[in-house]
Amino acid sequence: MASLLSGLLGVLVATNQPSAVSNLILQKTGAKIEVVDTNDPVEREYLHLLEMDDAAQAEVDRWLTDNDKFNGAGASFDSGTMRGRIRRRFEPVEKAYQNFLERNPKHVKARIAYGSFLGDIGREDEAKEQYEKAKEIDPSHPAAWNNLANYYGHNGPATNAFACYMKAIELKPNESVYYHNFATTIYLFRHDATNYFNISEQQVFDKAMTLYSKALALDPENFPLATDLAQTYYGIRPPRVKDAFTAWSDALKLARDDIEREGIHIHFARWHRTAGDFEAARRELSTVTNQMYAVTKERILKSLTTAESRTNATAKAEANGK
């Protein structure tokens with residue numbers, strides 16, 4: 001289930017904000033909803049809960065998006081009013097989950113779904129309680145372990161997140177998102193990973209890339225996943241230029257429209273700049289025409305001019321030195 005509300009929802013609703021870095025960790029159960037018997041009234045009620053949840057979160061997301069647009073025109077709700085509106089919209093969903101679980105306390109999928117709901121509205125500690133209960137009821141359910149790992153990735157310790165992701169993968173080794181989440185967490189918390197796995201930082205990068213590649217092999221048409229993999233190369237030192245080009249080329253094959261394709265050409269330009277091929281970088285930028293990239297394009301062009309001048313000055317100084 002997982003409705004991904006805009007970042008503004010966290011500002012308006014959450015009581016404990018995670019750090020900017022940990023915000024990057026994915027919040028996905030990764031498990032498709034599997035209903036054993038739709039003729040079972042309990043399962044039908046469970047499905048209705050999910051529908052209520054999704055409908056509420058979709059509506060709130062629309063409110064936040066519209067409010068953001070209206071903000072520029074001075075017609076938006078203040079944060080207090082919006083918080084109250086959101087709270088009132090979510091109250092019946094929460095009560096429905098609670099009522100269902102009072103009558104069906106061992107329904108693992110409902111506990112995981114309720115935990116996801118609580119996590120989405122910023123109540124992560126309460127979400128963790130639901131995942132823990134789900135794990136106790138059924139230790140073989142991989143989504144409970146994955147969601148616990150997400151919690152630890154946000155709140156620490158990161159080593160608990162590593163252990164939980166590994167358990168989720170052990171239980172369901174063909175679920176792409178578990179590898180994706182694990183790779184992201186290892187990449188973000190690489191110092192913890194070096195100690196936990198007793199490997200070097202470069203080996204941590206290799207491990208993260210292996211996990212990303214496994215996730216993509218299981219979900220080969222997933223463009224956001226391909227771009228996540230490619231983005232990680234910006235944080236690796238020394239730069240792995242060839243590998244970065246390969247990753248962005250693979251992502252380009254999956255791009256679904258001109259906006260995504262032009263975005264990738266922006267990344268190609270950056271990597272050509274890193275490689276010192278300023279002419280190639282300018283060629284890439286010449287293919288970017290969408291106005292949404294205008295500011296980024298101009299910034300890169302300026303950086304190219306600066307880098308090129310510095311390179312030429314260095315070359316001249318070395319030549320004079322000889």
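At the start of helix 11, a side-chain oxygen of Asn222 comes to within 2.9 Å of the backbone nitrogen of Leu225. That pair fits the polar-contact definition used here: N or O atoms within 3.5 Å, where within protein one must be able to donate a hydrogen and the other to accept it, and residues adjacent in sequence count only if both atoms are side-chain atoms. Helices (H or I, at least four residues) and strands (E, at least two) are DSSP runs, numbered from the N terminus. The model is a predicted one, where local features need pLDDT of at least 70 and side-chain atom pairs count only at pLDDT 80 or more, while totals for chains, interfaces and linings use all residues. Residues are numbered from 1 along each chain as its sequence is written, and side-chain values use heavy atoms, with hydrogens and water left out.

Staying with helix 11 (residues 223-231), the buried positions are worth listing: Phe223, Leu225, Ala226, Thr227, Leu229 and Ala230. Buried here means under 20% relative accessible area, exposed means over 50%, and partly exposed is in between (1.4 Å probe, protein chains only). The buried residues of helix 11 pack against helix 8 (176-188), helix 10 (201-218), helix 12 (241-254) and helix 13 (258-275), with contact taken as heavy atoms within 4.5 Å. In the loop between helix 11 and helix 12 sits Pro238, and the peptide bond leading into Pro238 from Arg237 is cis, with omega near -5 degrees.

Now for the chain overall. Its secondary structure comes to 15 helices and zero strands. Of the 322 residues, 44% count as buried. Among contacts between residues at least 6 apart in sequence, 60% join residues at least 24 apart. The pLDDT, which is the predictor's confidence in each residue from 0 to 100, averages 87 over the chain, and 86% of the residues score at least 70. Residues 1-31 are another story, with pLDDT below 50; even so, this stretch has 78 contacts in the model beyond near neighbours in sequence.

Two other helices are also worth a look. Helix 5 (residues 124-137) has 14 residues and reaches 20 Å from its first C-alpha to its last, close to the 20 Å expected at 1.5 Å a residue; the expected span is 1.5 Å times one less than the number of residues. Glu124, Ala127, Gln130, Tyr131, Glu132, Ala134 and Lys135 are buried in helix 5, and their cover includes helix 3 (79-103), helix 4 (108-120) and helix 6 (142-155). In helix 14 (residues 278-286), the buried residues are Phe278, Ala280, Ala281, Glu284 and Leu285. They cover an arc of only 160 degrees around the axis, so they lie on the same side of helix 14; the arc is that of the directions from the helix axis to the C-beta atoms. Glu279 and Ser286 are exposed on the other side of helix 14.

A polar cluster turns up around helix 8, where Asn181 is found. Asn181 is buried, with a relative accessible area of 0%. The Asn181 side chain makes polar contacts with the side chain of Asn146 at 3.1 Å and with that of Asn150 at 3.5 Å.

The loop between helix 6 and helix 7 (158-171) holds Pro157, and the Gly156 to Pro157 peptide bond is cis, with omega near -5 degrees. Next comes Ala158, in helix 7, which is buried at 8% relative accessible area. Leaving aside residues up to four places away in sequence, Ala158 touches Tyr152, Phe189 and Asp192. Ala158 and Phe189 are 31 residues apart in sequence, yet 6.9 Å apart in space, C-alpha to C-alpha.

Arg190 belongs to helix 9 and is partly exposed, with a relative accessible area of 22%. The side chain of Arg190 reaches the backbone oxygen of Tyr187 at 2.5 Å. Not counting residues up to four places away in sequence, Arg190 touches Glu201, Val204, Phe205 and Gly235. In the loop between helix 9 (190-197) and helix 10 lies Asn198. Its phi is near 55 degrees, a positive value in a residue other than glycine. Asn198 counts as exposed, at 71% relative accessibility. Most residues other than glycine have a negative phi, and most peptide bonds are trans.
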